[in-house]
Amino acid sequence: MPDHIHILCNMSKSITACKLVEEIKRNSSRWIKTKHIHYSHFAWQTGYGAFSVSPSVCQRTIEYINNQALHHRKRNFKEEYILFLKEYGIEYDEQYLWRD
């Protein structure tokens, strides 16, 4: 998707979600800047969302990720993200979610 990515991974107990995301952002930014001059100013947004998934729903999560284009025909990323937060009872203040 042009405005977000999903990563499903098994995390070691020895790394925090924050450190994992930091490493992914740093290394992928370095990599993409080597691909074309067009990407020379590429930068990730400052925030991220991290959610745990139980093993019982891993396959369903993989299918969800693989079908992103279909999901976003019905609902854009922002709408879907807020729906997800509400569905799981996660409190949020929308002024801190988006930086347009």
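A residue counts as buried here when its relative accessible area is under 20%, as exposed when that value is over 50%, and as partly exposed in between. By that rule, 14% of the 100 residues of the protein are buried. Please keep in mind that this is a predicted model.

**View 1. The whole chain is built from four helices and zero strands.** Reading from the N terminus, the order of elements is α-α-α-α. Along the principal axes, the C-alpha atoms of the protein fill a box of roughly 40 × 35 × 30 Å. The accessible surface of the protein amounts to about 8,600 Å², and carbon and sulfur atoms contribute 54% of that surface. How far apart are the mean positions of the 14 positive and 11 negative charges of the protein? They lie 8 Å from each other. Among the contacts with a separation of 6 or more, 42% join residues 24 or more positions apart.

**View 2. Five residues make up the largest nonpolar core of the protein.** Its members are F77, Y81, I82, L85 and W98. Two of these core residues, Y81 and L85, deserve a closer look. Setting aside neighbours within four places in sequence, Y81 is in contact with G49, F51, L97 and W98. W98 is thus a contact of Y81 and a fellow member of the core.

**View 3. L85 sits in helix α4, which covers residues 77–87.** Is L85 buried or exposed? L85 is buried, because its relative accessibility is 4% and the limit for burial is under 20%. Once neighbours within four places in sequence are left out, the contacts of L85 are F51, I90, Y92 and L97. F51 and L97 appear in this list for L85, and both are also among the contacts of Y81.

**View 4. The cysteines C9 and C58 are shown with their sulfur atoms 10 Å apart.** A disulfide is a covalent bond between the sulfur atoms of two cysteines. How many disulfides does a search of the whole structure find? The search finds zero. Why is C9 not bonded to C58? The cysteine sulfur closest to that of C9 belongs to C58, but at 10 Å it is too far for a bond, since a disulfide calls for sulfur atoms within 2.5 Å. Looking from the other side, C58 has its closest cysteine sulfur in C9, again at 10 Å and too far for a bond. C9 is partly exposed, with a relative accessible area of 38%. C58 is partly exposed as well, at 24% relative accessibility.

**View 5. V21 and E23 are both placed in helix α1.** This helix runs over residues 17–33. V21 has a relative accessible area of 18% and is therefore buried, whereas E23, at 24%, is partly exposed. The limit between these two classes is 20%. V21 and A50 are 29 residues apart along the chain, and their C-alpha atoms are separated by 8.8 Å. For E23 and N76, the gap in sequence is 53 residues, and the C-alpha to C-alpha distance is 27 Å.

**View 6. D93 belongs to the segment after α4.** With 38% relative accessibility, D93 is partly exposed. How far is D93 from N76 in space, C-alpha to C-alpha? The distance is 19 Å, and 17 residues separate D93 and N76 in sequence. N76 is the partner of E23 in View 5 too, at 27 Å.

Notes
Residues numbered from 1 in each chain as written. Predicted model: local features only at pLDDT ≥ 70, side-chain atom pairs only at ≥ 80, totals over all residues. Heavy atoms only, no water. Helix = DSSP H or I, 4+ residues; strand = E, 2+ residues; numbered from the N terminus. Buried < 20%, exposed > 50% of the residue type's maximum accessible area, 1.4 Å probe, protein only. Contact = heavy atoms within 4.5 Å. Areas by Shrake-Rupley, 256 points an atom, 1.4 Å probe, with all protein chains shown as cover. Lys, Arg positive; Asp, Glu negative; His and termini not counted. Charge placed at Lys NZ, Arg CZ, Asp CG, Glu CD. Core = buried A, V, L, I, M, F, W, Y, C linked by side-chain atoms within 4.5 Å.
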